[in-house]
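Visitor: Please take a close look at the pairing of strands in chain A, going through it partner by partner.

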Amino acid sequence: MNEFSHDILARRLATLEFEEPDPHVISARVLARASARRTSGRPAAFALAPVLLVGLTLSGTYFAPVFSQALADGPIGTFAGGLLRGSGLASRTDRITAMDDRVTATGITLELVGGYADGARTLILVRTVPAAYPAFGSTPPVLRDQFGQTYRALGAGGTVETGETVLDFGPLRWPASGVGARLSLEIGHLLVGGTTEVSGEWTTHGTLAVDEGVDLASPAAIDAGGLHFTFTRVRSYPTVVAVDFRVSGATELLAQRVSDAGKGAPFVDIALIDAAGGRLAILRGDLSGGPEMTGRWLFQTGGPAPHTLRITVSGAQSVERLIGP
Amino acid sequence: MATAQAIALSSERITAEELCARYAAKVSRFAALTASSRDEAEDIAQDALLKAVRALDRYDPSRASLDGWLWRIVANTARDATRRERVRAAVVERLGLDHPRSASVEDEAIAHLSTAEVLSAVRRLGPRDRELLALRFGSGLDTAEVGEVMGLSAETARRAIGRALERARATVERSRR
């Protein structure tokens with residue numbers, strides 16, 4: 001019984017809408033502080049966090065649809081091998097977490113197939129029937145963790161034949177990155193046949209653990225062709241090596257391509273070479289700021305160590321630095 | 001992978017994360033009603049939940065319900081915060097029931113108050129009155145549950161909430177003169 005239902009002030013108070021502290025922000029701060037205190041030496045008398053479910057997601061900037069070559073059965077069953085290779089996951093399918101959630105809207109079924117996350121990126125793998133791409137435009141796909149933090153998709157790669165797509169959301173933020181993430185994937189627009197945009201609500205759920213990385217020694221600075229590179233951090237994850245750097249000087253060269261009879265090779269070539277001379281694919285390069293710019297390269301892991309970072313400016317000599325433990 | 005605190009609660013296990021997911025919104029609303037500013041409300045909500053999370057391993061379900069246990073922590077945290085404020089309660093409590101007024105006219109006035117005016121009326125009450133109203137109308141607890149948190153019988157809590165509403169109404173009246 002509500003004994004105050006006759007009281008108009010009580011009714012106003014019960015239904016008052018006003019600005020409150022954001023409970024998601026409050027929760028995130030509380031859990032971060034509580035976790036920080038736990039890691040400072042309290043005895044481990046706690047149960048394990050039950051939030052490690054791996055979803056398989058792929059991410060990467062949109063590139064031309066790749067050929068679909070089925071991968072051997074793994075935690076996610078068959079999935080376009082080209083997409084996994086393009087995302088640096090083909091050799092590390094053991095790090096992929098299978099998810100199994102699906103939703104149907106406006107006649108299209110979107111399946112959340114799986115995911116992978118480390119400190120450098122979060123990859124989400126989806127499949128649609130009939131085949132469609134998650135559209136970007138003004139409302140790209142959004143990932144949301146259990147703390148209310150949202151992540152907009154940075155890019156994707158997909159196949160035309162199978163409707164499989166890898167979405168890249170960048171790294172998960174604390175505390176989700178520390179305790180594991182319960183994720184909601186929200187997609188509002190799909191591109192069918194590459195041209196027809198269909199709107200709907202495709203929201204799926206899965207959980208993901210975040211692979212930890214290991215810091216490697218940062219190499220000495222490099223001067224090449226009017227560019228000065230300083231390396232601030234090198235971190236190795238199960239599937240990528242992340243090289244953080246600052247660059248100054250003729251930074252406009254970084255976006256240029258060589259006029260070489262249509263080949264259009266980059267004016268500044270960045271490569272990570274393994275001990276056998278094999279070139280490890282660069283999966284993503286981020287650059288921002290100015291006049292001194294900061295950036296990150298993500299190289300696919302693999303090949304025998306040690307690895308050599310090589311920077312070649314067209315018309316100038318290559319400069320190399322060893323990267324290793 | 002970080003570990004999570006978990007306690008046994010009959011057949012229910014609750015982690016720090018689940019505690020926050022279950023109570024953060026209500027604690028935030030409670031804090032917004034008892035605090036005098038949004039910044040203070042954030043501090044109260046955060047401090048209260050953090051205390052609860054850190055005390056999870058000491059919670060004994062045989063001694064209190066989870067709701068009662070948590071809201072006592074929240075109420076105590078709010079009291080600690082308001083004790084640090086300049087006291088306005090004594091002045092406010094002297095207001096009020098001197099002049100009988102028409103219930104219908106007063107209700108009409110209250111119905112047309114802005115949200116800011118209603119909040120202001122609550123925030124100018126003494127700490128105990130704010131706590132009573134925030135627990136009863138901000139956090140969704142019933143009168144008996146409010147009594148459990150405040151250490152009062154259900155009937156005593158009902159009367160205390162009624163008096164707090166009266167004082168809030170008087171505050172509104174005074175502010176509109």
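Guide: Two strands are said to pair if DSSP finds at least two bridges between them. Strands (E, at least two residues) and helices (H or I, at least four) are DSSP runs numbered from the N terminus. The model is predicted, so that local features need pLDDT of at least 70 and side-chain atom pairs pLDDT 80 or more, while totals for chains, interfaces and linings use all residues. Residues are numbered from 1 along each chain as its sequence is written, chains are lettered from A and ligands numbered from 1 in the order in which they are written, and side-chain values use heavy atoms, without hydrogens and water.

The description may begin with the sheet of 4 strands in chain A, an open sheet with the order β16-β15-β19-β20 and antiparallel pairing. Its edges are held by β16 (279-280) and β20 (319-323) of chain A; each has a single partner strand, so one side of each is left without a neighbour in the sheet. At the β16 edge, that partner is strand β15 (residues 268-273) of chain A, joined to β16(A) by 2 bridges in the antiparallel sense. Within this pairing, A:Arg279 of β16(A) lies opposite A:Ile273.

Another open sheet of chain A contains 5 strands, again antiparallel in pairing, with the order β1-β2-β3-β8-β7. Here β1 (97-105) and β7 (155-158) of chain A are the edge strands, and each of them pairs on one side only. From one strand to the next, the twist averages 20 degrees (axes are lines fitted to C-alpha atoms, for helices over the stretch in contact, with angles from 0 to 180 degrees between N-to-C directions). At the β7 edge, β7(A) is paired over 4 bridges with strand β8 (residues 164-168) of chain A, and the two are antiparallel. One residue pair can be picked out there: A:Thr165 in β8(A) faces A:Gly158.

A further set of pairings in chain A centres on strand β9. Residues 181-192 make up β9(A), which is joined by 3 bridges to strand β4 (residues 132-134) of chain A, the two running antiparallel. A:Val192 in β9(A) stands opposite A:Ala132. Strand β5 (residues 142-144) of chain A likewise pairs with β9(A), in the antiparallel sense and over 3 bridges. In that case, A:Leu185 of β9(A) is opposite A:Leu143. The pairing of β9(A) with strand β10 (residues 196-208) of chain A is antiparallel as well and extends over 11 bridges. Among the partners, A:Trp202 in β10(A) is the bridge partner of A:Ile187. Thus β9(A) is bridged to β4(A), to β5(A) and to β10(A).

In general, strands of a sheet pair through backbone hydrogen bonds, in a parallel or an antiparallel manner. The pairings of β9(A) with β4(A), β5(A) and β10(A) are antiparallel, and antiparallel pairing is found too in the sheet of 5 strands and in the sheet of 4 strands.

For contrast with the strands, one helix of chain A may be added. In helix α1 (residues 8-15) of chain A, the buried residues include A:Ile8, A:Leu9, A:Ala10, A:Arg12 and A:Leu13 (buried is under 20% relative accessible area, exposed over 50%, partly exposed in between, with a 1.4 Å probe and protein chains only).
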